[in-house]
Structures are given as C-alpha cells and as structure tokens.
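Here is a short note for someone opening this entry for the first time. Please read the points with the structure in view.

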Amino acid sequence: MRAHELTAAILAPPLAPIGHGDRQLVRHNLTNAIPAMVENLPLGDQVVVTLAMLRQVARDPAALSRPEEPFAWKPAFVRRSLGLSAMDACINHRFSSPTEAVGPIADQAVSEWSRTGWRTFHWEPWIAALHPAARSAVMAEAATWATTLWSSIDWHRFDSPLRLGGPDDQWACTAARTVRLKGRSELQVPLEATHGGGAESTALVSVAAGIPRTGWETELGFLALVASLRSPSRPVPSRVVGLWPDAGQYRSVDITSGVLTAAGDRVIACIGAVVDARMSMVV
C-alpha cells in the first residue's frame, strides 16, 4: 500500500450528495423495526451497536452468549487516543514523528491529572501507576500504531484542516430499552464540492486490525450511517475509507442510498442477534 494511492482514494471527487429523503427513509426503517425487537429485554438493559459488534456478529456470533469480561485497562485501549494525539502534534509541527511525541504527551496528561484531577484521556491514573517497564511497553504500542497510520498517508496533500479522532458519532432510537449506535473514525477530511452549490462533503477514514473481510462495504457504510443520523442537518459523508495497516490494504466505499440502506439492514440484523443471545441467557 502506497501513501499517495491511499491519499488519492481519500481525496477523490465525491459523488452527488445523498438526498434528505434517502436518509429519512433509512431512519424510518430503523425506528420502525427496533422498538419491537427489544421490548422483551430485561428492564434497564440496553443495546449499543458499534463497528466492532457488527464484525463480531458476522464472525463469532457465539461470543454474544458469553459473559462479558470486567473492564481492565491494557495497552490496546490506550494506543488510539495517545497515537492520534501524537499525530496531531506532528501535524502542528510540535514533533517530527509520533515516536518522539507519545512520551511527552502521556507525561503531560498524567501531570495535568495529578495537578487538577482532570482526565483528558481517562487512562491517566492507570498510566501513572505502571512500572516504568510496563509504561514503556504502552508507549511503544501507541507509537507503533501511530507511526503506521502516519506513514500510510501523504499528509502534504491535505489543504483543508483535518479532524483527528474526536467524540464518537452517536444516535439513540426511542424504544422501551435504549438502543444506541456509535460510530468512530480516526480521520475526517473535508472534500471539495463538485456538484454546484458548494455543498459540504466529507470523507471518513477508519483504521482496523487484521484484514478486510466479506461485508466490509456495509461495515464502512455503518460509520456514514451513524454520522448522518447524528447530524441530520449536515450532509451525509460522501466516502468512507477503511485502512487495515497489518495487511497493508485499504478499501473505499462511496456512500449512496443503497449503501446506507444496506448498513441499516445490517444494524437491524445485528440487534436481532444480540437480543436472541441475551434472551437465551435469561433463566
């Protein structure tokens, strides 16, 4: 995978924007289907659909019936937020490489938490308590993750300001039990409008481990779906590009009404699988 090829795929001229009616139709399908699917779940239960859950349902549905492990911090939970902050510091010329940036950024975050109690990343107390050797391992994993992404893209090609990370896109469906869709992308890139009127257009970039598998189109479309539901006054993202650095591969999908509909159908199927698994565990 060459950086200029991936960058060209991200910045390619967008298709004609999706109409408001297409977005509303997908939202209507979701709000009609979801309430009946979750009404028999236990009181207080909720379903949170993420890209990771979509992939899990497709590749290991039996995992839905296993008890969830208690949350515990580990390096994999730190590398994205720390790595993106390191990349942002490089874009702003504070450091020349993510490897140089991760240590000082982590030190600054821990120092700020110690002084004020404010957690910018949430992992500050865990990092602060680590043995120096374990801390070095966390820094190395974040640096490797960030360096791989940093070297995969030709950053000089971007003329407009980029957004690295940021809050997850979220949309909640009104139902007897809460159903929430959460979408996360590593990069949001403004695209030049080509269809008159100067309409805003955006490409999302998502990074994943492993290799792209069957269904990657609807998985990437899910990110555009959640972004479009979260902000109905804003245009639907024109494109989502998936990057699998471990495999040296990327995939790109231009967002059409068909892609949004297929992503919505997959969300409904995912919720059905989750509900079935949870009901099977009810004694």
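**Aromatic pairs, sheet and cores**

1. This is a predicted model. Its aromatic pairs number 7. One of them joins Phe-71 and Trp-73. Their geometry is edge-to-face, with 5.2 Å from centre to centre and 80° between the planes.

2. Are these two rings buried or exposed? Phe-71 has 58% relative accessibility, and the cut-off for exposed is over 50%, so Phe-71 counts as exposed. Trp-73 has 28%, between the 20% and 50% limits, and therefore counts as partly exposed.

3. A second pair to look at is Trp-150 with Trp-155. This one is stacked. The centres are 5.2 Å apart and the planes make 20°. Trp-155 has a relative accessible area of 13%, under the 20% limit, so Trp-155 is buried.

4. Ring pairs also build a cluster. Its members are Phe-71, Trp-73, Phe-77 and Trp-126.

5. Now the sheet. It is open and has 5 strands, in the order E2-E5-E6-E7-E8. The pairing is mixed. Why is one side of E2 and of E8 left without a neighbour? Strand E2 (163-164) and strand E8 (249-254) stand at the edges and each has a single partner strand, so one side of each has no neighbour in the sheet.

6. Strand E7 (residues 239-244) pairs with E8 in the antiparallel sense, over 6 bridges. At one of these positions, Arg-239 has Asp-254 in E8 as its bridge partner. Helix H8 (residues 216-230) packs on the sheet. H8 touches strand E6 (201-207), E7 and E8, and its direction makes about 60° with that of E8.

7. What fills the largest nonpolar core? The core holds 41 residues. Leu-30, Leu-181, Phe-222, Ile-255 and Ile-271 touch the most other members. Helix H2 (20-38), strand E1 (46-49), helix H3 (51-59), strand E3 (169-173), strand E4 (178-183), H8, E7 and helix H9 (257-281) each supply at least two residues. H9 gives the largest share, 9 residues.

8. Phe-222 deserves a closer look. Leaving aside neighbours within four places in sequence, Phe-222 is in contact with Val-49, Thr-50, Leu-51, Leu-54, Leu-181, Lys-182, Gly-183, Ala-263 and Val-267. Apart from this core lies another, of 19 residues. Among them are Leu-84, Ile-153, Leu-164 and Leu-187.

Key:
Residues are numbered from 1 along each chain as its sequence is written. This is a predicted model: local features need pLDDT of at least 70, side-chain atom pairs count only at pLDDT 80 or more; totals for chains, interfaces and linings use all residues. Side-chain values use heavy atoms; hydrogens and water are left out. Two strands pair if DSSP finds at least two bridges between them. Helices (H or I, at least four residues) and strands (E, at least two) are DSSP runs, numbered from the N terminus. Contact means heavy atoms within 4.5 Å. Axes are lines fitted to C-alpha atoms, for helices over the stretch in contact, and angles run from 0 to 180 degrees between N-to-C directions. A nonpolar core is a set of buried Ala, Val, Leu, Ile, Met, Phe, Trp, Tyr and Cys residues joined through side-chain atoms within 4.5 Å. Buried means under 20% relative accessible area, exposed over 50%, partly exposed in between (1.4 Å probe, protein chains only). Rings of Phe, Tyr and Trp (its six-membered ring) pair if their centres lie within 6.5 Å; planes under 30 degrees apart count as stacked, over 60 as edge-to-face and the rest as tilted.
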